Structure formats: structure tokens, C-alpha cells
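Here is a short tour for someone meeting this structure for the first time. Have the model open while you read.

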Amino acid sequence: MRIAVTGSIATDHLMTFPGRFADQLVADQLHTVSLSFLVDQLDVRRGGVGANIAFGMGQLGTSPVLVGAAGPDFGEYRDWLDRHGVDTASVRISETLHTARFVCTTDADHNQIGSFYTGAMSEARLIELKTVADRVGGLDLVLIGADDPEAMMRHTEECRSRSIPFAADFSQQIARMDGEEIRTLLDGATYLFSNEYEKGLIESKTGWSDAEILDRVGHRVTTLGARGVRIERVGEEPIEVGCPDEERKADPTGVGDAFRAGFLSGLVWGVDHERAAQVGCMLATLVIETVGTQEYQLRRAHFMERFTKAYGDDAAREVRAHLV
């Protein structure tokens with residue numbers, strides 16, 4: 001099974017200011033602010049939902065095809081993904097725009113000032129999935145993750161017109177989409193991914209009930225935070241899977257992306273949805289224990305030891321056969 005992952009590719013530039021923003025603000029001059037903060041720490045981290053999901057799948061050995069747009073500064077990031085099992089040959093490189101970038105400064109009170117530069121991500125709309133499919137010998141599923149909104153629309157319509165199964169995953173972009181856009185993007189999806197809050201927002205914006213949405217998608221996969229995940233399908237009992245015990249909680253960023261990576265890898269392996277969800281929850285647990293979305297290490301023995309403890313010997317035997 002060959003899966004393409006479309007979505008944002010970005011880097012996060014995270015800085016720390018040792019003082020307080022509030023001390024630098026003059027109440028009667030807020031209409032003409034001009035400030036510069038001398039920071040004492042900078043972390044540059046790889047990110048973007050498309051790249052995060054593809055990285056996780058690569059760690060599990062399922063050879064995902066990453067589809068997105070980046071800038072000429074993507075070279076080092078590309079090498080990292082290539083080394084970790086991601087096919088990056090379908091990433092479009094802009095001739096004029098840098099890779100998307102989130103720049104954020106956090107002060108001593110944990111207040112933040114941030115900016116997101118879309119950059120090359122806006123060119124993802126120029127990518128044709130047929131070209132990708134022809135290069136790799138066909139696609140069995142396309143995950144349409146948060147990206148340039150026009151790219152999400154184009155990829156969805158192309159999947160429909162070419163009869164390629166697709167998974168809808170709006171995540172961060174759901175806030176800016178209206179009901180009509182969301183209805184267009186989810187109708188006919190094989191999988192619809194969201195968290196609990198996004199689930200309610202999708203229903204509110206589309207005007208469709210939970211049952212009506214379920215009628216329009218093959219499977220509805222809802223992550224439940226620390227409670228795990230629920231998978232629903234019309235006419236079948238929901239499947240609920242809990243999370244393994246955490247060793248620590250370091251950083252929740254990228255946990256949802258890791259779940260999707262594990263779940264999709266389970267589909268590639270051909271295991272059932274319950275087992276795929278267990279793999280997703282295990283990978284998500286590794287990410288929440290690590291600072292950064294792609295900084296965790298997947299060591300087979302350690303992964304299987306914890307997976308066995310959480311889900312039992314039968315589940316472990318089935319997954320062990322696929323995990324390289």
C-alpha cells in the first residue's frame with residue numbers, strides 16, 4: 001500500500017526573552033509600538049504537519065511519499081527526511097520563496113509574540129497528484145493535511161476525479177475555513193481525522209450532525225487526548241483505544257501528527273483499525289515525552305516492550321512482524 005502525505009513543511013524558530021514583555025510596553029504609546037528584544041536562546045526545529053506525519057511513517061518503515069512545497073533552503077531538512085525513510089522527490093522547490101517558517105519569542109511569564117510566514121507553502125497548489133502517482137506507480141491513499149487552502153481543495157478534487165481514496169485532516173486550517181469549504185473537503189473521504197474540539201467545530205460549521213458526517217465518510221477517527229482515540233463507521237460499534245502510560249510529559253506539540261503516522265503505517269501493514277490505532281497511540285506517547293516534533297527515537301526493542309505492556313502479547317506479535 002502506497003500512501004502520499006500532503007501538508008505543510010515548515011521550520012520553527014523559537015526564542016526566549018529573559019524579561020517580561022509587559023515591562024517594555026508603554027500604555028499611552030501602544031498605537032505606535034517599536035520594540036526589539038535581545039533574546040538569549042534560539043531553537044530551530046523541523047516541523048509542518050505533512051513533514052511530521054511523513055517522518056513518523058518513515059521511522060516505522062512504511063516509505064511515505066511527502067507532497068508539499070518548500071524553498072531553496074530545504075536542502076538540510078530534505079536530507080534529514082531522506083535519512084529517515086521519507087520519499088521527498090515530490091516536494092516542489094520554489095525558485096523565489098523560503099520554506100514556511102514560524103518565528104516565536106517567549107518571555108519569562110510564558111507570554112508569546114509569534115509570526116507565521118507562509119512562503120513556499122503557497123505553491124503547493126501547483127502540485128498535480130497524477131504526476132506523483134505516475135512516478136511511484138500509483139497511490140492507494142492520499143492524506144490531505146493542513147496546507148495552503150487552495151492546495152487542499154485541488155488535491156481533494158483530484159482524488160475524487162481520479163478515484164484515489166483520500167483522508168481529510170484539516171487540523172490548524174479548520175479555524176479559517178467556512179462551512180462550504182469543509183463540506184467539500186470531507187465529503188467522500190475514506191477517513192476523517194480530527195480531535196474532539198475540531199469534531200464539534202466541523203459539525204457546527206457544516207451544519208451537519210455527527211450521523212450525517214459519518215454517512216459521508218468511510219471512517220471517522222477522533223483523537224481524545226489522554227483518553228486515546230475513537231474510530232467510528234456506519235453500522236458498526238465504535239472502536240476505542242487507550243494510550244500507553246507516559247514516562248513523562250515534555251511537549252505535546254506534534255502528538256496528533258504522530259498518531260496519524262502510526263495509524264497510517266498500520267494501514268500499510270494491513271492490520272485492522274484497532275491495531276493501527278494502538279500503533280498510533282504508542283508513537284504519540286513517544287512524541288509527548290520528547291521536546292520537538294521529530295526529535296524522538298524509535299528503538300524497536302523499546303517500542304515493542306512498551307507496546308506489549310500496553311496492549312498485550314497478541315497485539316505485540318502482530319505488530320512485531322511488521323516493525324523493522
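Helices (H or I, at least four residues) and strands (E, at least two) are DSSP runs, numbered from the N terminus. With that in hand, S171 can be placed in the loop between β10 and α5. What you have here is a predicted model, where local features need pLDDT of at least 70 and side-chain atom pairs count only at pLDDT 80 or more, while totals for chains, interfaces and linings use all residues. Residues are numbered from 1 along each chain as its sequence is written, and side-chain values use heavy atoms, with hydrogens and water left out.

**Two loop serines**

Most residues other than glycine have a negative phi. S171 has a positive phi of about 35 degrees, although it isn't a glycine. S163 also has a positive phi, near 60 degrees, and it sits in the loop between α4 (149-161) and β10 (166-168). Which of the two words, buried or exposed, fits S163? S163 counts as exposed, because its relative accessibility is 65%; the cut-offs are under 20% relative accessible area for buried, over 50% for exposed and partly exposed in between (1.4 Å probe, protein chains only). S171, with a relative accessible area of 15%, is buried.

**The cores**

A nonpolar core is a set of buried Ala, Val, Leu, Ile, Met, Phe, Trp, Tyr and Cys residues joined through side-chain atoms within 4.5 Å. The largest one has 53 residues, and F263, F303 and F307 have the most contacts inside it. Helix α9 (residues 273-288) gives the largest share of this core, nine residues. Apart from it lies another core of 29 residues, including F170, I202, I213 and L214.

Take F307 as a way in. Leaving aside neighbours within four places in sequence, F307 is in contact (heavy atoms within 4.5 Å) with R275, Q278, V279, M282, G312, A315, A316 and V319. One of those partners, A315, belongs to helix α11 (residues 313-320). A315 is buried, at a relative accessible area of just 2%. With the same neighbours left aside, A315 is in contact with R275, Q278 and F307. For a sense of distance, the C-alpha atoms of A315 and T206 are separated by 38 Å, and the two residues are 109 apart along the chain.

**How the helices meet**

Two packed helices are described by the angle between their axes and the distance between the axes. Axes are lines fitted to C-alpha atoms, for helices over the stretch in contact, and angles run from 0 to 180 degrees between N-to-C directions. Here are three pairs to look up:

| Helix pair | Axes come within | Crossing angle, roughly |
|---|---|---|
| α8 (residues 255-269) and α9 | 7 Å | 145 degrees |
| α5 (residues 179-186) and α6 (residues 196-206) | 8 Å | 115 degrees |
| α9 and α11 | 11 Å | 85 degrees |

Start with α9 and α11, which are roughly perpendicular; under 35 degrees counts as roughly parallel, over 145 as roughly antiparallel, 65 to 115 as roughly perpendicular and the rest as oblique. R275, Q278 and V279 in α9 meet A315, E318 and V319 in α11. By class, that contact divides into three nonpolar, one polar and two charged residues. In this count, Ala, Val, Leu, Ile, Met, Phe, Trp, Tyr, Cys and Pro are nonpolar, Asp, Glu, Lys and Arg are charged, and the others, Gly among them, are polar.

Next come α5 and α6, where α5 is roughly perpendicular to α6. G179, I182, R183 and L186 of α5 make the contact with I202, K205 and T206 of α6. Those residues split into three nonpolar, two polar and two charged.

As for α8 and α9, their contact has 15 nonpolar, four polar and no charged residues.

**Two more stops**

H273 is found in helix α9 and counts as buried at 19% relative accessibility. Not counting residues up to four places away in sequence, H273 touches Y191, H219, I231, I239, F263 and L267.

Finally, go to I144 in strand β9 (residues 141-144). I144 is buried, with a relative accessible area of 3%. Beyond its neighbours within four places in sequence, I144 is in contact with T6, M152, H155, T156, C159, F166, A167, A168 and D169. I144 and A189 are 45 residues apart in sequence and 9.8 Å apart in space, C-alpha to C-alpha.
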